[in-house]
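Student: I am new to this structure and would like a close look at one part of it, the sheet. Please go through how its strands are arranged and paired.

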Amino acid sequence: MSVRIKASYTDEAELARLQERLAPGVERCRLPREQKGRYKRAYIDWDSDAINQGQDEHRAKQERATDQPQNER
C-alpha cells in the first residue's frame, strides 16, 4: 500500500531523521520550490510493501541459517 505523507519540519536535520526512520519504504521526497514561514514542508511517498518485502527477505535468511546443521555454522 502506498501512502503520501505531508511533513512539517524546521531544519534539514529534522527532515533527515524522519527520512531515516521511514527509509526502507520511501519512494520519493518532494520539497516545494517556495518555502515561506517558520515551518518547511515535505511530501513523502511511502510504500509499506517495501517494508514487508524486507521483512520477508530477513525471515528467509533466518530460515536458511537454521536449516544448516550445527557443525557447518
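Tutor: This is a predicted model, so a word on confidence comes before the sheet. The mean pLDDT of the chain is 82, with 68% of its residues at 70 or more. Within the chain, confidence peaks in strand 3, at a mean of 94, and is lowest in helix 2 (residues 48-67), where the mean is 65.

Now the setting. The chain contains two helices and three strands. Read from the N terminus, these elements follow the pattern β-α-β-β-α.

The three strands form an open sheet with antiparallel pairing, and their order across the sheet is 1-3-2. The edges are taken by strand 1, residues 2-9, and strand 2, residues 26-30, each of which pairs on one side only. From one strand to the next, the twist averages 20°.

Take the pairing of strand 1 first. Strand 1 and strand 3 run antiparallel and are joined by eight bridges. To place this pairing on the model, find arginine 4, whose bridge partner in strand 3 is aspartate 45.

On to strand 2. Its pairing with strand 3 (residues 40-47) is also antiparallel, with four bridges between the two. Two positions help to locate this pairing. Cysteine 29 has isoleucine 44 of strand 3 as its bridge partner, and valine 26 stands opposite tryptophan 46, again in strand 3. When you follow any of these strands by eye, one general point is useful: side chains in a regular strand alternate between the two faces of the sheet.

Some totals for the whole chain put the sheet in context. Among contacts in the chain with a separation of 6 or more, 55% are between residues 24 or more positions apart. The chain has 73 residues, and 16% of them count as buried. Its exposed surface comes to about 6100 Å², of which carbon and sulfur atoms supply 46%.

To retrace the sheet on the model, start at strand 1 on one edge, cross the eight bridges to strand 3, and then cross the four bridges from strand 3 to strand 2. That path follows the order 1-3-2. Strand 3, where the confidence of the chain is highest, is a convenient place to begin looking.

Terms used
Residues numbered from 1 in each chain as written. Predicted model: local features only at pLDDT ≥ 70, side-chain atom pairs only at ≥ 80, totals over all residues. Heavy atoms only, no water. Pairing = 2+ DSSP bridges. Axes fitted to C-alpha atoms, helices over the stretch in contact; angles between N-to-C directions. pLDDT = per-residue confidence, 0-100. Buried < 20%, exposed > 50% of the residue type's maximum accessible area, 1.4 Å probe, protein only. Contact = heavy atoms within 4.5 Å. Areas by Shrake-Rupley, 256 points an atom, 1.4 Å probe, with all protein chains shown as cover.
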